[in-house]
Amino acid sequence: MSYATKSPWVIHYDGSSCNGCDIEVLAALCPGYDVERFGIINTGNPKHADIFLVTGSINEQNISVVQEIYNQMVEPKVVIACGICACSAGIFHDCYNVIGGVDKAIPVDVYAPGCAVRPEAIIDAVVQGLAILDEKSKALKAQKKGA
Amino acid sequence: MTILAVLIGTLIFAVLAPILGCLLAGLDRKISARMQGRVGPPLLQPYYDVRKLIEKDDVAVNGTERVYIICALVFTLIAGGIFVSGGNLLMCIFVLTLGALFFILAAYCTSSPYAQVGASRETLQVMSYEPMVLFMAVAFFMAVQAILGMGSFDVRAVLYLDVPVITNIWLVFLGFLFVLTIKLRKSPFDLSYSHHAHQEIVKGVTTEMSGKTLAMVEVMHWCENVLFMLWVALFFVWGNPASIILALVVVAVVYFFEIWIDNNFARVKWQTMLTSAWVVALVAGGINIAFLAYL
Ligand code: SF4
């Protein structure tokens, strides 16, 4: 196990949504669920974050923002799409300005469906994301050794 | 001779302070969590955080930022070394401030507006606590003079005292406790860099720092915290070896008190911080020093 999985810091962005999932993400981070038990910390800085939680779908306006946040994050990093809006645009899929799920903008590692996504589902998705983070971290290490 | 002593002191400090500081930070987070009715992270969480940061990819906005951070870390360690080797307290304070200035420079050198907001707030914090810290050194000198008959800035002078310096400068100690909250970056004075989850303008001073650079900043904070606790202990140590136990108890109580303050007060505006810290410095430091000088 790499240390990346022991201290995943998350950043959260809300796209085109009803704000339902947005609130659930913050609920998952509140003392009731106490995600700091797993070393998870909510940060506002992409450069400090390991996990990118996106809620809501991608539209013409926010696609560049999401890509910018993703690009500023330092490898290894994992993207989790929270809620059906983020997975496939959900009920907003045929709006005139909506492009689709988060995977239309950046590569997504874990999909957590639900409308709204439950805090438990978010925590499960993050734990799944940790396994991927572990793999990526090992790959990065091997790459550094090779270089 | 003194340079050698400082060098050895620095080495000892560089080995022990990160270990103690890491445990202190872990305990801090654990106790904070309990105060909020949470289980909290494992005790070694700060260590995991730093190891993770070291494993991260190397990304830097410019080449100078990390150099400044290395300087900040090295000067913090030297300041600790001066203290541990029983050297000059005033020198220890100046070298530590130099480290703090390098930290500010590191934030300023990136042209990020968020880092610059953090840097100016950090500068305000230094302005707020520095008068009281200098008063503390002067008061320490005068207290040693009052007890020993001969003044000294040297930390090792406490070993020759019959009574601890706190007996003469308890008012200064109270003032120092006030600015300690600023130095430890605890709420209500955590203006530039908060350890709590996401309440910063992006992330204050460390906005542009990532990976190994941020890991160094964390280690620097651990070492700083240990040094501040040593300063607290300095007030309570005298010729009797048993006094070290008393000092340790006081340090534990003081740190717990700081965590309690951290969890119970909301952040203040910088104006409040600056004026209150200066008023405290003038009242606590001024009265105590005037008392020692004229009586
Ligand atoms: S998935 Fe449902 S609850 Fe979540 S943002 Fe979309 S519409 Fe709102």
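A residue is counted as near the ligand if one of its heavy atoms lies within 4 Å of it. In this predicted model, the residues that surround the ligand are Ser17(A), Cys18(A), Gly20(A), Cys21(A), Ile84(A), Cys85(A), Gly114(A), Cys115(A) and Ala116(A). Two helices of chain A, H1 (20–29) and H3 (84–88), each contribute at least two residues to this shell. In character, the shell comprises six nonpolar residues and three polar ones, with no charged residue.

Two members of the shell, Cys115(A) and Ala116(A), are also joined to each other by a cis peptide bond, with omega at about -5°. Ala116(A) is placed in the loop between strand S7 (110–112) and helix H4 of chain A. A cis peptide bond also links Glu75(A) to Pro76(A), and here omega is about -10°. Pro76(A) belongs to the loop between helix H2 (63–72) and strand S5 (78–82) of chain A. A further backbone feature concerns Asp34(A), which has a positive phi of about 45° although it is not a glycine. Asp34(A) is found in the loop between H1 and S2 of chain A.

The interior was then examined for enclosed space. Rolling a probe the size of a water molecule over the atoms reveals where empty space remains. Three cavities of 30 Å³ or more were found by this rule. The largest cavity has a volume of about 70 Å³, and its lining consists of Val10(A), Val25(A), Ala28(A), Leu29(A), Val35(A), Ile40(A), Leu53(A), Ile122(A), Ile123(A) and Val126(A). The elements that give two or more residues to this lining are H1 and helix H4 (119–146) of chain A. The lining of the largest cavity is made up of ten nonpolar residues, with no polar and no charged residue. Helix H1 of chain A thus contributes both to the shell around the ligand and to the lining of the largest cavity.

The second largest cavity has a volume of about 60 Å³. This cavity is lined by Ala100(B), Glu122(B), Gln125(B), Tyr129(B), Ile182(B), Lys183(B), Arg185(B), Glu224(B) and Phe228(B). Three helices of chain B, namely H5 (113–148), H6 (170–183) and H7 (211–234), each provide at least two residues of the lining. The greatest contribution is that of H5(B), with three residues. Four nonpolar, one polar and four charged residues make up the lining of the second largest cavity, whereas the lining of the largest cavity has no charged residue.

Attention then turned to the interface between the chains. In total, 30 residues of chain B are in contact with 27 residues of chain A. The size of an interface is often expressed as the accessible area lost when the parts come together. Between them, chain B and chain A bury about 2,500 Å², of which 54% is on carbon and sulfur atoms. On the side of chain B, the residues that lose the most area to chain A are Lys52(B), Glu55(B) and Lys56(B), which together account for 26% of what that side buries.

Side chains of opposite charge can pair when their charged atoms come close. Over all chains, a search of the whole structure identifies 17 salt bridges, and seven salt bridges are found across the interface of chain B and chain A. Lys52(B), one of the residues that lose the most area to chain A, forms a salt bridge with Asp50(A), with the closest N and O atoms 2.7 Å apart. A salt bridge also pairs the side chains of Glu208(B) and Lys47(A), at 2.3 Å from N to O. This pair crosses between chains: Glu208(B) lies in the loop between H6 and H7 of chain B, and Lys47(A) in the loop between strand S2 (41–42) and strand S3 (51–55) of chain A.

Terms used. Residues are numbered from 1 along each chain as its sequence is written. Chains are lettered from A and ligands numbered from 1 in the order in which they are written. This is a predicted model: local features need pLDDT of at least 70, side-chain atom pairs count only at pLDDT 80 or more; totals for chains, interfaces and linings use all residues. Side-chain values use heavy atoms; hydrogens and water are left out. Helices (H or I, at least four residues) and strands (E, at least two) are DSSP runs, numbered from the N terminus. Ala, Val, Leu, Ile, Met, Phe, Trp, Tyr, Cys and Pro count as nonpolar, Asp, Glu, Lys and Arg as charged, and the others, Gly among them, as polar. On a 1 Å grid over the protein atoms alone, a cavity is a set of points where a 1.4 Å probe fits but cannot get out, and a pocket is an open set with protein on both sides within 12 Å along at least five of seven lines; lining residues have an atom within 4 Å of a point. Grid points are joined across faces, edges and corners, and a volume is the space filled by probe spheres set on the points. Contact means heavy atoms within 4.5 Å. Buried area is the accessible area (1.4 Å probe) that two parts lose on being put together, summed over both. A salt bridge is a side-chain nitrogen of Lys or Arg within 4 Å of a carboxyl oxygen of Asp or Glu.
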